[in-house]
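Here's a quick tour of a protein model to help you find your way around. Have the 3D view open, and turn it as you read.

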Amino acid sequence: MFTGASFPLGPFTPHEGNPILRPRGASWESANLYNPAAIVDGDEVVLLYRAHADDIVSHIGIARSRDGVTFTREDAPILSPSEDYERFGCEDPRIALIEGTYYLTYTGWDRRSAQLCLATSTDLRTWTKHGPLFDDFDTFKTMDPRGFNWSKAGVIVPQRMHGTWWMYFGEGAIYWATSDDLIHWTPGTPDTEPMYSPTPGTWDEALVEIGTSPVVTDNGLLLFLTNGATRTVHDDGTVDVDYRCGQIAIDPDDPTRVIARMQEPWLRPQTFEDTHGLVSNVTFVEGLVKFQDKWFAYYGQSDTTLAVAIHDPAESWGRALREPGSDTP
C-alpha cells in the first residue's frame with residue numbers, strides 16, 4: 001500500500017495528451033475503452049481496463065507503461081465473460097496484490113443484476129473466478145432500490161486491520177465487508193445500513209461509489225479516491241447525469257466510519273472527451289498509483305476513452321489556488 005500522502009491528495013492535473021488509450025480496430029475493444037484498475041509491477045505501471053465493441057459486452061484488457069502515460073496493450077483480453085452471471089460483461093475492475101496473489105474485483109453483468117465478483121491470479125493472465133460475492137444485496141436499497149442483486153464496485157485493503165481483511169464496496173452508497181481468507185466475504189451490515197451515503201445538495205447527491213485502492217496518509221489514515229454524481233431531470237423527462245471524483249478518509253482504528261470527505265470534487269468533466277461519449281459528462285476514477293515519485297490517477301471519460309491526471313508532490317493545493325485563473329477546489 002502506498003504511503004507518503006496527505007488528505008486531500010493533490011492537486012491533480014489532467015495530462016495534456018489525454019486520452020492516453022482509445023478504442024481501436026474492429027476487435028473486442030473497437031467501440032469503448034475506459035474505467036481502469038492500476039498497479040505498479042517493477043518498473044512499469046499496469047492497467048487492467050474495461051473495453052467492448054458495439055455489442056457492449058465488456059472484457060478486461062491489459063496495458064503496460066514505463067512512464068505512466070504511454071501504454072502498450074496486448075491484443076487479447078485477460079478476462080472475458082464465461083459464466084451466466086457475467087454473460088453480458090466483465091466490467092469496472094479494481095486490483096490488489098497480497099502475498100504474491102492478485103485479487104481482482106469486477107462487476108458481473110447479466111443485463112439485470114450488477115454483481116460484485118472476484119477473480120485471482122499469480123501472473124495477471126491466468127485467472128480463477130470465484131463468482132459473485134454478495135447474494136441478495138442491493139447497494140441502492142436506501143436510495144433508489146433496484147429490487148434485485150446490485151453490489152458492484154469493490155476495493156480490497158491490502159493489509160489486515162483488526163486481524164482481518166477488509167473491503168469497501170458499493171455503487172449508490174458505500175458498505176464494508178470482512179474476510180478471513182480474501183475469497184469469502186461477509187458484509188458488516190445489511191444493505192439498509194450503509195456506512196457512507198450521498199450528501200444532499202452537493203455534487204455527489206445522486207450517488208457515491210468507492211473508486212480506488214487506498215493509500216496511507218502521513219498521519220495513518222486510509223485515503224480513497226471516490227466517484228459521485230448529480231442527476232438533473234428536465235421538463236421533457238430527459239435526465240442528465242454528471243459524474244465527478246472526490247476523496248474520503250477512514251481511520252484504521254475505526255474502519256467502519258468515514259471521518260473526512262472532500263467538500264468539492266478534485267476532477268470533473270471539462271474536455272470534449274469528458275463530456276461526449278456513450279454516457280456523457282463522466283470522469284470516473286478507478287486506478288491510483290505512486291510511480292517515479294508522482295501520483296497517477298487513471299479514469300474513464302464518458303465511458304468511451306481512458307485518461308490520467310497527475311499529482312507532483314512538489315505542487316500544493318495552496319499554490320494551485322493562488323495561481324491566476326485556477327479553479328482547483
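Strands here are DSSP runs of E with at least two residues, and they are numbered from the N terminus. With that in hand, you can place Pro8 in the segment before strand 1 (13-14). Keep in mind that this is a predicted model.

**Unusual backbone spots**

- Here's some background: most residues other than glycine have a negative phi, and most peptide bonds are trans.
- Phe7 and Pro8 are joined by a cis peptide bond, with omega at about -5°.
- Another cis peptide bond runs from Gly10 to Pro11, where omega is near 10°; Pro11 also sits in the segment before strand 1.
- Ala153 isn't a glycine, yet its phi is positive, near 75°. You'll find Ala153 in the loop between strand 9 and strand 10 (154-156), and it is buried, with a relative accessible area of 1%.
- Asn281 is not a glycine either, and its phi is positive at about 65°. Look for Asn281 in the loop between helix 1 (272-275) and strand 20; it is partly exposed, at 26% relative accessible area.

**The nonpolar core**

- In soluble globular proteins, nonpolar side chains tend to be buried together.
- The largest nonpolar core in this model has 19 residues. Among those with the most contacts inside it are Leu21, Leu47, Phe71 and Tyr298.
- Strand 2 (32-41), strand 3 (44-52), strand 20 (283-291), strand 21 (294-301) and strand 22 (305-311) each chip in at least two residues of this core.
- Strand 3 gives the largest share, four residues.

**Trp127 and its surroundings**

- Trp127 lies in the loop between strand 8 (114-121) and strand 9 (128-132).
- Is Trp127 buried or exposed? Trp127 is buried, because its relative accessible area is 13% and the cut-off for buried is under 20%.
- Setting aside neighbours within four places in sequence, Trp127 touches several residues, including Leu48, Ile78, Leu79, Ile95 and Tyr102.
- Leu79 is 48 residues away from Trp127 along the chain, yet their C-alpha atoms are separated by 7.4 Å.
- A polar atom of the Trp127 side chain lies 3.2 Å from the backbone oxygen of Leu124.

**Cysteines**

- How many disulfides does the structure hold? It holds zero.
- Why does Cys90 not bond with Cys117? The sulfur of Cys117 is the closest cysteine sulfur to that of Cys90, but the two are 7.6 Å apart, too far for a bond, because a disulfide needs sulfur atoms within 2.5 Å.
- Cys90 is buried, with a relative accessible area of 0%, and Cys245 is buried at 0% too.

Conventions:
Residues numbered from 1 in each chain as written. Predicted model: local features only at pLDDT ≥ 70, side-chain atom pairs only at ≥ 80, totals over all residues. Heavy atoms only, no water. Buried < 20%, exposed > 50% of the residue type's maximum accessible area, 1.4 Å probe, protein only. Core = buried A, V, L, I, M, F, W, Y, C linked by side-chain atoms within 4.5 Å. Contact = heavy atoms within 4.5 Å. Polar contact = N/O pair within 3.5 Å; in protein donor to acceptor, adjacent residues only side chain to side chain.
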